[in-house]
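Hi,

Here is the structure I promised to pass on. Have a look at it first, and then read my notes below.

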Amino acid sequence: MFFALSGFLVGGKSIQRLLNSSFSLTDYCIDRGVRIGLPLLGACLVYIPVMYICGHSADWQRLAGNLLSLQGIIHEPLLGPFWSLSYEVWFYILMGSIAGFFVVRKKFRVISLLVLMLCMAVFLRLHVGSLFIWLLGACFFFILPPAHSKLRLLGACALLAASRCGLFNWEILAYGSLNEFVWGISCCWFMRELVLWKPQAAWMARFERVGSVIARFSYTIYLTHILFLLLIMNFCFKISANCNMQETSYCAAPKYTLFAAFSRLDIKTFLLYCLSVIASLLFSYGVYWLFERRTDALKAYIRKCLT
C-alpha cells in the first residue's frame, strides 16, 4: 500500500511535471533527498542511545549501510521498518534518472542512462514486484475519474480483501504469485478512489483533521516506533529484547514479546495498550520536532546555497 501511495503521489506528479515541461531535476533531488533523508538521519541518531540503554551495542557498519539505502542489497536492515526505505530511495533515483534523460543536456544523458542501469541492477537484487506496484501507482495518477463512486470503492476494498486472504495465490513466476499482482492493482485502485473521497458528516471531517495531524509525522512514527517498543520493554515490563541487533535483520522479537505482556484481555491491559500507543506517538513527535519538522527549512537553505 505504501509503495502504491508513493508511486501515485511522487511518480505520478513527477511524470505530470515532465509532460508539462515544468520538471526541475535539481528541485526533485532536493525535495526527495531531504524528505526521506532527514527523518532517517534522526531515527539513526536515536537508535544509537536506545541500543546502549537496552544493553546492545550499535552496529556501525549496518548503520552506515542503511543511511546509504543499501539495506536489502549488501546490508541487512538496521531495524524492521528500515527494509522499505531502500526501495523508496531507489524508486526516487529511478524516477530521477528517467526524468533526467529528458531534461539535461545531451552530453549528460549518458549519466542518466548509467544511473538507470544501476537502478535496474538494484531491483534485480530487491523485489522487482514492488517496482511494478510503484509504477502502477504512478499510472493510476492519470486515470482519475471525475467523481467519487461508492461502488468502485467497495469493489477496490473487496479485491483488496480477496488478495489479502490469498484467494489468488497461484504461482506464476519463480519469485512471485498472481496474488501479488492482484494486490498491487487493488492497492492502486483503492488509492485512486480514496483520493476522490471527501468526508460529508461532521464526525468524518473531525476524524480527517485528526488524521491529518498524525500524518505530518507518520514517517517518523514508522521509523521510530520499534525503538520505543525496545525502551518500553526495558523499563516498564522488565523484559529483555530476545534479539541480537548484530545478527538479525528484522527485530521482530520486541513486538511479540511485548504482546505477551498483554496476554489477558481486560480493562488493565486495554488501558496499558492505550497508554503505550499515546506514549509512542509522543516519543515519535519528539523525534519529528527535532528532525522531520525542519524539512522545509533545510530545503530552502540548500536552494539558497545553490543560487
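**Salt bridges first**

There are five salt bridges in this structure, which is a predicted model. One of them joins the side chains of Asp31 and Lys299, at 3.8 Å from N to O. Those two come from distant parts of the chain: Asp31 belongs to helix 2 and Lys299 to helix 13, with their positions 268 residues apart. Asp31 has a relative accessibility of 23%, so it counts as partly exposed. Lys299, with a relative accessible area of 11%, is buried.

Asp31 also has a salt bridge to Arg303, and here the closest N and O atoms are 2.6 Å apart. Again helix 2 meets helix 13, so this pair ties together parts that are 272 residues apart in sequence. Arg303 is partly exposed, at 27% relative accessible area.

Next, find Glu292 and Arg35, whose side chains form a salt bridge at 3.0 Å, N to O. Glu292 sits in the loop between helix 12 and helix 13, while Arg35 is in helix 2, so parts 257 residues apart in sequence are tied together. Glu292 is buried, with a relative accessible area of just 5%, whereas Arg35 is partly exposed at 27%. Which residues end up in one network through shared salt-bridge partners? They are Asp27, Asp31, Lys299 and Arg303.

**Rings**

Now for the aromatic side chains. The count comes to 17 aromatic pairs. Take Tyr87 and Phe91: their ring centres are 6.4 Å apart and their planes are at 55°, so this pair is tilted. Both residues are in helix 4 (residues 83-103), four residues apart, or about one turn of the helix. Are they buried or exposed? Tyr87 and Phe91 are both buried. They also belong to a cluster linked by ring pairs, together with Phe2, Phe3, Trp83, Phe123, Trp134 and Tyr222.

Charges turn up over rings too. Arg109 has its charged end over the ring of Phe101, 5.7 Å from the centre. Arg294 lies over the face of Trp289, at 4.3 Å from the ring centre.

**A helix and a serine**

Helix 12 (residues 267-290) is worth tracing from end to end. Its 24 residues reach 35 Å from first C-alpha to last, close to the expected 34 Å. Its buried residues are Thr269, Ser276, Ser280, Ser284, Val287 and Tyr288. Helix 2 (25-53), helix 9 (202-216) and helix 10 (218-235) are among what covers them.

Then zoom in on Ser186, in helix 8 (residues 178-196). Its relative accessibility is 0%, so Ser186 counts as buried. What does Ser186 touch, leaving aside neighbours within four places in sequence? It is in contact with Ala156, Leu159, Leu160 and Ser163. Ser186 and Leu159 are 27 residues apart in sequence, yet 5.8 Å apart in space, C-alpha to C-alpha.

**How far to trust it**

The chain has a mean pLDDT of 80, and 87% of its residues reach 70 or more. Among the elements, helix 13 (residues 295-306) has the highest mean, at 92, and helix 11 (residues 253-261) the lowest, at 47. Over residues 239-258 pLDDT stays under 50, and the model has 47 contacts beyond four places in sequence for that stretch. Where pLDDT is low, predicted coordinates should not be read in detail.

Happy browsing!

How values were computed. Residues numbered from 1 in each chain as written. Heavy atoms only, no water. Phe/Tyr/Trp six-rings, centres within 6.5 Å; stacked < 30°, edge-to-face > 60°. Buried < 20%, exposed > 50% of the residue type's maximum accessible area, 1.4 Å probe, protein only. Lys NZ or Arg CZ within 6 Å of the ring centre and 35° of its normal. Expected span 1.5 Å × (residues − 1). Contact = heavy atoms within 4.5 Å. pLDDT = per-residue confidence, 0-100. Salt bridge = Lys/Arg side-chain N within 4 Å of Asp/Glu carboxyl O.
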